[in-house]
Protein chains: 2
Amino acid sequence: MAKYAKIPEATVRRLSNYLKCLIDLESRSEKVASSALIANLCNVNAPQVRKDFAYFGEFGIRGMGYNVKELKRHIKEILGINREWRIAVVGIGNMGSALLVYKDFLKQNYKIVAAFDIVPEKVIGHISERVGKPVEILHIDRLKEVIKARNVEIGIITTPPGAAQTVADLLIDANVKGILNFSPAPVKTPDHVKLRNLFFTSALDNLVYYMTN
Amino acid sequence: MAKYAKIPEATVRRLSNYLKCLIDLESRSEKVASSALIANLCNVNAPQVRKDFAYFGEFGIRGMGYNVKELKRHIKEILGINREWRIAVVGIGNMGSALLVYKDFLKQNYKIVAAFDIVPEKVIGHISERVGKPVEILHIDRLKEVIKARNVEIGIITTPPGAAQTVADLLIDANVKGILNFSPAPVKTPDHVKLRNLFFTSALDNLVYYMTN
């Protein structure tokens with residue numbers, strides 16, 4: 001995939017949003033979409049859409065717009081999500097529970113195949129009561145063994161902040177390739193384990209910046 | 001704040017992460033931070049940190065690093081979060097409950113002053129059992145009245161996707177200035193109401209892109 005390595009960070013982010021819009025369009029049986037339509041659905045402007053797509057060569061037809069299915073396939077390939085990714089969620093409180101039932105994951109080939117907590121018995125009670133039991137909640141002591149057995153490549157951290165780095169270290173030791181951290185404590189990983197810290201304050205900071213400026 | 005209007009989107013995102021690191025440094029009584037330290041804490045490289053800060057003029061001291069308190073104040077001013085922002089959360093399931101107890105919001109002057117659901121009685125039961133009762137959950141019929149009375153400027157949507165646009169329209173009608181949407185359905189707002197759709201699939205797409213490339 002080295003041919004796409006120079007795509008700017010902001011474009012990578014927008015590609016993901018375009019993909020989401022294309023999936024929605026497809027579910028409404030739309031076959032073709034103009035850059036103007038995609039721009040409108042994704043809250044960007046049409047020249048930006050065309051510019052972003054131009055990084056990957058010409059694959060729209062002038063005056064006709066883009067083939068929805070083709071474009072979707074193309075973006076998935078660029079992002080590396082044209083295959084299944086197996087995920088473990090660690091820390092099944094409110095946030096972890098929300099992720100276990102997040103329906104869009106499956107639509108995009110993200111499969112949660114393991115879930116861990118330090119008090120799984122307690123979790124099983126509240127989660128089955130409220131959201132069913134999408135995946136068995138296991139004790140965190142079994143993390144390494146289960147991650148290997150189930151070929152998990154991505155770990156999601158949804159523990160309280162005090163436990164976040166400990167859990168990250170467990171995931172790294174179990175050889176995951178990427179970590180998405182939802183806890184408000186930033187974690188560190190070695191270079192070979194990719195990391196995204198997702199802070200909700202950052203989402204608000206970003207919104208407020210554009211509300212203010 | 002027009003003087004900052006040309007800051008690239010990716011820089012705005014990083015500023016927010018720098019701020020989070022600076023708050024952590026301050027809580028550990030650190031007074032001065034080099035660009036190398038900030039870079040290390042935020043998972044970027046030091047030249048990037050210096051380049052980002054250069055958008056706002058020189059406020060580091062060569063060879064000395066940045067004054068943590070000053071830099072924090074400066075970034076808050078740039079982002080527009082040097083004052084309190086009042087927030088309402090709509091839809092108190094797992095995700096909404098997680099936000100109601102997200103401690104970092106208060107650290108950064110984000111104050112959740114209202115919470116709504118279509119079945120508040122049910123919510124009050126499970127939320128008080130699990131997380132205490134940080135704010136009273138009200139019926140969504142009271143949204144407009146309460147948002148006005150409590151000077152709410154930002155609405156956060158944590159409903160199921162089918163309800164997201166309806167709730168967005170209610171928030172717009174109640175004159176909020178910004179909406180952060182956590183539901184997996186993209187919502188639309190008029191130009192004067194700023195919007196961020198936060199899709200968890202996008203966070204994974206982004207992680208996978210850098211894992212693959």
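**Exercise 1.** In this predicted model, strand β4 (residues 110-117) of chain A pairs with β5(A); determine in which sense and over how many bridges the two strands pair, and then place them in their sheet.

*Solution.* Begin with the pair itself: β4(A) and β5(A) run in the parallel sense and are joined over three bridges. Within this pairing, A:Ala115 stands opposite A:Ile137, a residue of β5(A). Next, widen the view to the sheet, which is open and consists of six strands of chain A in the order β5-β4-β3-β6-β7-β8, with parallel pairing. Its edges are β5 (137-139) and β8 (194-197) of chain A, each of which pairs on one side only. Finally, the average turn between neighbouring strands of this sheet is 25 degrees, direction ignored.

**Exercise 2.** Work out by what turn and shift chain B can be laid on chain A, and what relation between the two copies follows.

*Solution.* A turn of 180 degrees with a shift of 0.0 Å along the axis lays chain B on chain A with an RMSD of 0.0 Å. The copies are therefore related as by a two-fold rotation axis. Of the residues of chain B, B:Asn94 comes closest to this axis, its C-alpha lying at 2.3 Å. The same surface serves both copies, since 100% of the contact residues of chain B recur in chain A.

**Exercise 3.** Describe the side of chain B that touches chain A by its elements and its residue classes.

*Solution.* Start from the contact count: 55 residues of chain B meet 55 residues of chain A. Among the elements of chain B that each supply at least two residues to this side are α1 (9-27), α7 (120-131) and α10 (200-212). The largest share, 13 residues, comes from α10(B). By class, the residues on this side of chain B divide into 31 nonpolar, 14 polar and 10 charged.

Definitions and conventions. Residues are numbered from 1 along each chain as its sequence is written. Chains are lettered from A and ligands numbered from 1 in the order in which they are written. This is a predicted model: local features need pLDDT of at least 70, side-chain atom pairs count only at pLDDT 80 or more; totals for chains, interfaces and linings use all residues. Two residues are in contact if their C-beta atoms, placed from the backbone, lie within 7 Å. Helices (H or I, at least four residues) and strands (E, at least two) are DSSP runs, numbered from the N terminus. Ala, Val, Leu, Ile, Met, Phe, Trp, Tyr, Cys and Pro count as nonpolar, Asp, Glu, Lys and Arg as charged, and the others, Gly among them, as polar. Two strands pair if DSSP finds at least two bridges between them. Axes are lines fitted to C-alpha atoms, for helices over the stretch in contact, and angles run from 0 to 180 degrees between N-to-C directions. Copies are superposed by least squares on the C-alpha atoms of residues with pLDDT of at least 70 in both.
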